[in-house]
Amino acid sequence: MLFVLFLAFYLLTLPGNLLILLAILTSSNLHTPMYFFLGNLSVLDILFPSVSSPKMMLYLTGHSHTISYQGCASQLFFYHFLGCAECFLYTVMAYDRFAAICHPLRYTVIMSSWVCVSMTVATWMGSCLHASVLTFLIFKLPYCGPNEVDNFFCDIPVVLPLACGDTYMARAVSFINVGLVALVCFLLILTSYSRIVISILKIRSSEGRRRAFSTCSAHLTSILLFYGPVVLIYLRPASSPWLDSVVQVLNNIVTPSLNPLIYSLRNKEVKVALRKVLTQGMHTPGE
């Protein structure tokens, strides 16, 4: 039953995000900074659940529950690489909304093509560095005792207790690194949205305020779904394996499948582009 449930979410995630990405690439109306970043988010939502979901579903079908040392290290690296990239990307998207609402006349200058590409490259490169440091610290430790990971994939809270060396440095750096990245990004997002709310409240017409807020509501929903699991897993003083597993299932599988719905249901431009893509896909070139 769990296999069918998780497979349904995984299969919903892939076509949903691929359709969003295809709509952005094929529709000239969506060639703007906001949708450029949304396209990057769709790529992340395709890759992120693929780190752990296929292996987990193999376990659920009765296959071997083992994973190689290299496979465990790869899971940890890509989980934090893609997770950090998503954290950075949400921050960049908040800044984009801040520029669009608070400085509409200068928006095209502030968010030029060069700025958007530079921010995106910095997001991916910074995330790679973040994940590389964490993976190096965790897997340079000696592992000579128990080798059973108490979770459905390899992550810092379940791998570190298996080390038979001194883990203080790795724990401290991991807590500071993950916590600092999440906290700084959250504070930047909070700053952007504080300025956005102030600007929206200054709009005289209720219709103008509603339209301004509607451009941010999808992004805010995604941020809450993303940051909730991060706080519960990494920033608690005591670890709970059962709670960590449940929260990570939601974060790894359920949330990426919801983002296409969040961004399409409340966005007329995306709805039109998706309808166009689906309509074209249903007709052959000859027709």
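Let me start with one pair of helices, where α4 passes α8 in a left-handed crossing. On the α4 side the contact is made by residues that include His80, Cys84, Cys87, Phe88, Tyr90 and Thr91, and on the α8 side by residues among which are Val178, Val181, Ala182, Cys185, Leu188 and Ile189. Sorted by class, the residues of this contact between α4 and α8 come out as 18 nonpolar, four polar and two charged. As for the geometry, α4 and α8 pack at an angle of about 20 degrees, and their axes are 9 Å apart. Because an angle under 35 degrees counts as roughly parallel, α4 is described as roughly parallel to α8.

Before going further, I should say that what you see above is a predicted model, and a word on confidence is in order. The protein chain has a mean pLDDT of 83, with 90% of its residues reaching 70 or more. Within the chain, confidence is highest in helix α6, residues 113-139, at a mean of 94, and lowest in helix α11, residues 268-281, where the mean is 72.

Helix α6 also packs against α8, and here the axes come within 10 Å and cross at roughly 160 degrees. The two helices, α6 and α8, are therefore roughly antiparallel to each other, and their crossing is left-handed. From α6, the residues His130, Val133, Leu134, Leu137 and Ile138 meet Ala170, Val173, Ser174, Asn177, Val178 and Val181 in α8. The residues of that contact divide into eight nonpolar, three polar and no charged.

One residue from this region deserves a closer look, namely His130, which is found in helix α6. Is His130 buried or exposed? With a relative accessible area of 8%, His130 is buried, since the cut-off for that class is under 20%. If we leave out residues up to four places away in sequence, His130 touches His80 and Cys84, and also Asn177, Val178 and Val181. His80 and Cys84 are listed on the α4 side of the contact with α8, while Asn177, Val178 and Val181 belong to the α8 side of the contact with α6.

Staying with α4, which spans residues 69-102, we find Tyr69 in this helix. Tyr69 counts as partly exposed, because its relative accessibility is 44%. Setting aside neighbours within four places in sequence, Tyr69 is in contact with Phe139 and Tyr143. From Phe3, Tyr69 is 66 residues away in sequence and 25 Å away in space, taken from C-alpha to C-alpha.

For a contrast in accessibility, consider Asp166, which lies in the loop between α7 (156-159) and α8 (168-201). At 63% relative accessibility, Asp166 counts as exposed. Asp166 and Ala99 are separated by 67 residues in sequence, and their C-alpha atoms are 47 Å apart in space.

Finally, I would like to turn to the beginning of the chain, where helix α1, residues 2-26, packs with helix α2, residues 33-47, at an angle of about 155 degrees, their axes being 9 Å apart. That angle makes α1 roughly antiparallel to α2, and the crossing of these two helices is again described as left-handed. Which residues meet here? From α1 they are Thr13, Leu14, Asn17, Leu18, Ile20, Leu21 and Ile24, and from α2 they are Tyr35, Leu38, Gly39, Ser42, Val43, Asp45 and Ile46. By class, this contact of α1 with α2 has nine nonpolar residues, four polar ones and one charged.

How values were computed:
Residues numbered from 1 in each chain as written. Predicted model: local features only at pLDDT ≥ 70, side-chain atom pairs only at ≥ 80, totals over all residues. Heavy atoms only, no water. Axes fitted to C-alpha atoms, helices over the stretch in contact; angles between N-to-C directions. Helix = DSSP H or I, 4+ residues; strand = E, 2+ residues; numbered from the N terminus. Parallel < 35°, antiparallel > 145°, perpendicular 65-115°, else oblique. Left-handed = near helix turned anticlockwise from the far one by under 90°. Contact = heavy atoms within 4.5 Å. Nonpolar A, V, L, I, M, F, W, Y, C, P; charged D, E, K, R; others polar. pLDDT = per-residue confidence, 0-100. Buried < 20%, exposed > 50% of the residue type's maximum accessible area, 1.4 Å probe, protein only.
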